[in-house]
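Here's a quick look at the contacts in this one, between chains and between domains. Have the structure open while you read.

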Amino acid sequence: MVNKAAISQLAQKIPGKVSYPVRIMEVCGTHTMNIARFGIKQLLPTGIKLVSGPGCPVCVTEESDIDLIQELARITGVTVFTFGDLYRVPGSGGSLEKLNGEGADVRVTVFPLEAVYYAEQNQAREVVFIGIGFETTAPVAAVMIDLVRKKRIKNFSVLSFHKRIPPVLMELVREDNNYIDGFLLPGHVSTVIGTDDYQPLAKTWSKPGVITGFEPVDILEGIYAILEQISEKSCRIEIQYKRGVNKEGAPLAREYISKYFEVCDTSWRGLGVISESGLAIRKNFRDFDAFYRFNPGNRIIKRAPIATCSCGEILRGVKMPWECLLFGSVCKPDNPVGPCMVSSEGSCAASYNYPDRYQDPSIMKV
Amino acid sequence: MTQQLVEELFIKYFHNSILDSGLDSAMLSLKAGKWAMTTDSFVVKPVFFPGGDIGKLSVCGTINDLAVMGATPLYLTCSFIIEEGFDIGDLEIIVQSMNSTARKDGLTIVAGDTKVVERGYCDGVYITTTGLGIVPNGINYSPSAMQVEDRVIITAPPGAHGLSVFAARNNLGVEPPPQSDCASLFSLIEPLNSLEVRCMRDPTRGGLAAVLNELALKGRKGIKIDESLIPIDSTVANLMELLGLEPYQLANEGAAVIIVSKKDAERALEKLRGHPLGRKASIIGEITAEIPGQVLMITYLGTERIMQMPSGVIIPRIC
Ligand code: SF4
């Protein structure tokens, strides 16, 4: 399962590659989790700092969006289907889990199509699917709408908070182009979008970017490829995860996205509104758009973030989870304050679940 | 469904001289010595899962709690809370499987009770079982007996029961569906009573991670384990990988974690592997003086991380 020899070979090649410090952002939550789970930072020279990025879908969902979902779930006759991660994220009035206890009908699903079948069989209910995630989950929502149209189901809609990865990365470098030296780009998202949308990262902002798989050996190879670009003083978008990604991405999935979605501005937790970083349901398919169906509020409303939660800084990679005052004391997976602690892919949850005593100085105090 | 119907079922299957006497309490004549007693309630959903059902689970769970204390389980009582309208045929299957599970290990079910509650006041059926067992002389299992260099054994791959129930509950639609390991551990671990065993636990809720953390805390020692030595069930491993989770937090219902002296570790392993439930038993680590109260895991990569006490919620990733 894990190729230990390949790993130690790579780990030996890495030091001495460039002059340190180097700061590399792993964009994707699955990377964050596996880096923590396998203790990959222990294999790297201290001069290489891995920081987590905005690639955990739940973590970047605005608190006001969570509130919106809750408003909707409170409407009589509505059944909400959601991915598990979202279920426990606290909004300003508690979580969806809490709402369920109060009589709302919120269902956690692993297979989203379930929501469509439920709608078909329960026509008296208004079924809403909460569309969160990136270019990976948007095609799923598109396929659902497609199916609903074919089956002429009338009681189904999607509340789309889908987001796009490339614009948020551009925003990070636009804000501070000196902070991050290279990007480990997400494997799954790139399976859909290919390499094109990342090009400005290399061409305009001079950042190496390597689309990387999720196995420990992939991650080390990705890091090595970034260091190689830095040492050659070149910057380009490369694919390490060749078994999952090609340059063109998945045209069929993109077709589905563009059939039902259009690009919109949207707000990211901790980062604010980023133009063209969201996906809204096209106007001609408004029947399936829960925003219009229920008009539960304005699409972009920004409320003050939870004052003490540092998720925003963590999503930009400027703070490590254990630097948050609440980490591990008040905020834990069974009592999460911010979304980064709820999702298994959030950096706070990864640091909590897979503690690394070489990274987090607070761990060994028993 | 009437109370009477249920009671008839009990008598039909559980019958024995103590129960049949129909007194208000079971009358037991116990010999002198140390006795172990435990009680637990079972609320599994779904009630029937691949590899078992709530009846088997409620008997095995209590047998296992006694067995890991070194006790020989002898008597059991059970109490049912049943939702109005619960299928009587299903109930019969449950009672049957309790009966056959108990008899296999020579247990007598000496008392039982049922309450039928209105629809919506309980979810199908809940079962509480209480078990009584005798502890052989000289057996005194406790985490505080753990000593540095003792070995840590797990008798089966972690996570089979937890995954089976998780898959059934979330309609994962995996074929064939992952099987629970629900089983009585008595015949597996009873032979270890002759060895230098310090303590045993069955990793139910919270799985291996919870049990190791509890032992480390209660025994005030550190536990160091090597991930590559933990036995793997490939169905569990593949599915967990897909969900972005590790099996260490998932429950077993047919496995034990055993702390045994360094000297007797290999003999214990041999005995375990000779039993069908212990084929994949493995020494996964040892007790250390370092990091008291914590569990350190050497990962597949040779790096290390603290194995955290699980938070109790299992959430698969989105994409
Ligand atoms: S530890 Fe909790 S409160 Fe702090 S940043 Fe993470 S999620 Fe927010």
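Two salt bridges link chain B and chain A. This is a predicted model, and in it one of the pairs is Arg37(A) with Glu246(B), whose side chains come to 2.9 Å, N to O. Polar contacts add to the picture: six residue pairs make them across this interface, both partners at pLDDT 80 or more. On the chain B side, strand 13 (residues 304-306) gives the largest share of the touching residues, namely three. Sorted by class, that side has 13 nonpolar, nine polar and six charged residues. Overall, 28 residues of chain B are in contact with 41 residues of chain A.

Now for the inside of chain B, which is split into domain 1 (2-135) and domain 2 (143-306). Their C-alpha centres sit 27 Å apart, and each domain puts 20 residues into the contact.

Here are the two interfaces by buried area:

| Interface | Buried area | Share from carbon and sulfur atoms |
|---|---|---|
| Chain B and chain A | about 3300 Å² | 61% |
| Domain 1 and domain 2 of chain B | about 1700 Å² | 62% |

Which domain 1 residues lose the most area to domain 2 of chain B? They are Pro50(B), Asn64(B) and Val68(B), together 33% of what that side buries.

How many salt bridges does the rule find between the two domains of chain B? Zero, but ten residue pairs are in polar contact there, both at pLDDT 80 or more. On the domain 1 side, helix 3 (54-67) and strand 4 (72-83) of chain B each give two or more residues, with helix 3 giving the largest share, eight. By class, that side has eleven nonpolar, five polar and four charged residues.

Technical notes: Residues numbered from 1 in each chain as written. Chains lettered and ligands numbered in written order. Predicted model: local features only at pLDDT ≥ 70, side-chain atom pairs only at ≥ 80, totals over all residues. Heavy atoms only, no water. Contact = heavy atoms within 4.5 Å. Buried area = accessible area lost by both parts, 1.4 Å probe. Salt bridge = Lys/Arg side-chain N within 4 Å of Asp/Glu carboxyl O. Polar contact = N/O pair within 3.5 Å; in protein donor to acceptor, adjacent residues only side chain to side chain. Helix = DSSP H or I, 4+ residues; strand = E, 2+ residues; numbered from the N terminus. Nonpolar A, V, L, I, M, F, W, Y, C, P; charged D, E, K, R; others polar. Domains from an automatic or database assignment.
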